[in-house]
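Here is a short briefing on one protein model. Look at the sequence and the structure first, then read the points below.

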Amino acid sequence: MTGHEHRDMVFRPPGRARGGVVVCHEIWGITTPLLSAARALAAAGFLVTVPDFYAEVDRPQGPASDEQARHWRDGLEVAGIGEVLAEAIGWLRVEGAPRVGVLGCSMGGAVALWAAAALDIDAAVTFYGGGLLEPYWPGMPAGVVLAARLSTRWRGCYGGRDPLTPADALRRLRVALDGGSGLGTAVVFDDLDHGFALDPTDPRYAPDEAAATWRDALAFLERPPG
């Protein structure tokens, strides 16, 4: 990374960084609510970078349809995702972040869980990431498989009414965590749906639970290893 321009969006803390965080976007790409979350993380003391996994995709201006967004997501490859993350993680370390974490929502949450099993990071947080039973991309194991292979601390936050993570998937996730390295925890809010924590304009948004889970995520990302 040294000597290379960092192309991702960056948000700096007001003082010395408590840690660094790579924020991974949803299927829609980098959105206004995601950037608001990145700014909040920076205001809380983290050096934040937001990579664009769709940077090489030809995208029209304006909001994407569901079909377009799925096409963008399905066009990604694990190797490319890994390269984007490695660049972002490396930049945070060069900048002097004492710890580096990965945080993602939905599609980005699936990436964060993979990062916790496959990459050299200090912690990862997933908000309602899909792909628990059927991975999004060839070459990336299902989330329940990754949960049994964690190499760093991971925390997952899920809604019990989320169609992307049905009850059986969440049950198998907990079984995998219980039989794995002991580095992972999953919190399930029985009455909440997908998207409960990021966009206040989303009818599924749950302000109290969103505030609590973000506070927990901040503390989790800052906690020293061990």
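A polar contact is a pair of N or O atoms within 3.5 Å; within protein, one must be able to donate a hydrogen and the other to accept it, and residues adjacent in sequence count only if both atoms are side-chain atoms. The model is predicted, so local features need pLDDT of at least 70 and side-chain atom pairs pLDDT 80 or more, while totals for chains, interfaces and linings use all residues. Residues are numbered from 1 along each chain as its sequence is written, and side-chain values use heavy atoms, without hydrogens and water.

**Arg153**
- The side chain of Arg153 reaches the backbone oxygen of Arg223 at 3.1 Å.
- Arg153 is buried (under 20% relative accessible area; exposed is over 50%, partly exposed in between; 1.4 Å probe, protein chains only).
- Arg153 has no salt bridge (a side-chain nitrogen of Lys or Arg within 4 Å of a carboxyl oxygen of Asp or Glu).
- Asp122, the nearest side chain of opposite charge, is 7.2 Å away from Arg153 (Lys and Arg count as positive, Asp and Glu as negative; His and the chain ends are not counted).

**Strand β6**
- Arg153 is found in strand β6, residues 153–159 (strands are DSSP E runs of at least two residues, numbered from the N terminus).
- 7 of the 7 residues of β6 are buried, so β6 is largely enclosed by the rest of the structure.
- β6 pairs with β5 (residues 123–127) in the parallel sense over 5 bridges (pairing needs at least two DSSP bridges).

**Cysteines**
- The structure holds 0 disulfides (cysteine sulfur pairs within 2.5 Å).
- The sulfur of Cys24 is 9.5 Å from the closest cysteine sulfur, in Cys105, which is too far for a bond.

Note on methods. Helix = DSSP H or I, 4+ residues; strand = E, 2+ residues; numbered from the N terminus.
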